[in-house]
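Reader: I would like a close look at a single part of this model, the surroundings of the ligand, and then at what lies around that part. Please keep the cut-offs explicit.

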Amino acid sequence: MDTNEHEHVIEVTDLRRVYGGGFEAVRGITFHVKRGEIFALLGTNGAGKTSTVEVLEGLAAPAAGRVRVLGSDPRTERSVVRPRTGVMLQEGGFPSELTVAETVRMWAGCTSGARPVDEALDLVGLGPRSRVRVKQLSGGERRRLDLALALLGDPEVLFLDEPTTGLDAEGRRDTWELVRRLQETGTSVLLTTHYLEEAEVLADRLAILHQGRIAATGTPAEVTASQPARISFELPAGYFLGDLPALGELGVVGHEQAGRTVRLRTYEVQRAATELLVWARDNGVELHGLDVRSASLEEAFLRIAGRNAADAAEKTEVAA
Ligand SMILES: Nc1ncnc2c1ncn2[C@@H]1O[C@H](COP(=O)(O)OP(=O)(O)OP(=O)(O)O)[C@@H](O)[C@H]1O
């Protein structure tokens with residue numbers, strides 16, 4: 001066992017994962033999750049999230065690199081790691097004839113120090129459904145049953161693979177609240193999700209995977225700060241784009257005009273906005289509809305996903 005477990009509950013160093021046909025789904029990624037942190041792995045379909053999480057859960061071996069969970073190797077030291085972790089897979093397979101309570105009871109039989117069945121079901125809001133057969137549950141209720149099972153052993157580290165897929169807006173918010181409560185009691189969480197809002201709301205830090213590599217990482221604010229902010233306004237009557245201060249000097253990296261509306265993209269939003277306002281004052285005009293906003297996580301993600309689509313198109317062209 002390594003000694004840094006109080007600092008980093010998950011350590012991933014130069015991880016590679018290769019499938020049978022030689023396809024490299026994870027191409028050398030490095031990240032860590034600190035104790036008590038919620039860390040989100042984002043990425044388009046096929047980016048390598050599940051392939052990574054499966055290695056962390058001890059379900060698959062890395063082709064290269066090193067992985068530690070709570071200071072131990074999750075595969076070769078499974079008996080040490082497994083009792084201290086909770087896993088919610090993308091597809092939990094339950095015997096469909098059992099009731100919800102029977103399913104949890106069965107699982108509790110395999111979990112050391114399991115919570116009482118009622119407590120686990122109440123945590124995820126399934127208490128009133130305890131006598132219903134699993135086959136009668138909705139997709140969202142099954143996700144919550146998955147979560148109840150992952151929480152049974154009161155884990156130190158929780159792996160949540162797309163925990164709110166199939167849940168309606170209220171169910172999603174309830175799950176977010178639960179994950180935050182778990183964090184308050186000291187649980188560390190590694191989350192994969194397709195919902196950018198989920199990462200924005202929950203994650204202390206995140207990584208965006210792109211074709212098996214980490215394309216961006218940091219706090220949600222750091223990742224969005226890597227994208228240009230937007231400034232839009234209406235050109236005052238009688239003025240043209242060329243009358244504004246030189247765009248290059250405002251740190252503007254892109255601009256467009258639709259009718260009288262001008263949209264600028266800049267990494268130096270404060271300087272650009274100040275210069276524009278000073279220009280407007282000096283010319284005695286108003287910038288109607290002035291709107292200054294930072295990039296959202298969604299924009300950061302779409303730029304990376306867009307690059308993904310462009311790369312795929314390029315590969316198709318090369319292949320053709
Ligand atoms: N058993 C397998 N054999 C071969 N290739 C696989 C296998 N499982 C996954 N892959 C490929 O590895 C890549 C990464 O898949 P992975 O499931 O890790 O992506 P993901 O980011 O979790 O995607 P999603 O968001 O769709 O769940 C994909 O190109 C996928 O087709």
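By class, how many nonpolar, polar and charged residues does the shell around the ligand have?

Author: The structure is a predicted model, so local features need pLDDT of at least 70, side-chain atom pairs count only at pLDDT 80 or more, and totals for chains, interfaces and linings use all residues. Residues are numbered from 1 along each chain as its sequence is written.

The shell around the ligand has 4 nonpolar, 7 polar and 1 charged residues. Here Ala, Val, Leu, Ile, Met, Phe, Trp, Tyr, Cys and Pro count as nonpolar, Asp, Glu, Lys and Arg as charged, and the others, Gly among them, as polar. A residue is near the ligand if its C-beta atom, placed from the backbone, lies within 6 Å of it. The residues that surround the ligand are Tyr19, Gly20, Phe23, Ala25, Gly43, Asn45, Gly46, Ala47, Gly48, Lys49, Thr50 and Ser51. Helix H1 (residues 49-56) supplies the largest share of this shell, 3 residues. Helices (H or I, at least four residues) and strands (E, at least two) are DSSP runs, numbered from the N terminus.

Next comes the hairpin. Strand S1 (residues 8-18) and strand S2 (residues 24-34) run antiparallel and are joined by 8 bridges; two strands pair if DSSP finds at least two bridges between them. Across this pairing, Arg16 stands opposite Arg27 in S2. The hairpin has 5 residues between S1 and S2, and Gly22 in the turn has a positive phi of about 95°.

Then there is the sheet. An open sheet is formed by 6 strands in the order S5-S6-S7-S3-S8-S9, with mixed pairing. Its edge strands, S5 and strand S9 (213-218), each pair on one side only. Strand S3 (residues 38-43) runs parallel to strand S7 (residues 188-192), with 4 bridges between them, and Ala40 stands opposite Leu191 in S7. Helix H6 (residues 169-184) lies across S3, S6 and S7, at about 150° to S7. Axes are lines fitted to C-alpha atoms, for helices over the stretch in contact, and angles run from 0 to 180 degrees between N-to-C directions. Contact between two residues requires C-beta atoms, placed from the backbone, within 7 Å.

At the edge, Thr85 is found in strand S5 (residues 85-88). Thr85 counts as buried because it has 24 C-beta neighbours inside 10 Å; the cut-off for buried is 20 or more other C-beta atoms within 10 Å of its own, with 12 or fewer for exposed and partly exposed in between, C-beta atoms being placed from the backbone. Leaving out residues up to four places away in sequence, Thr85 touches Val69, Pro155, Val157 and Phe159.
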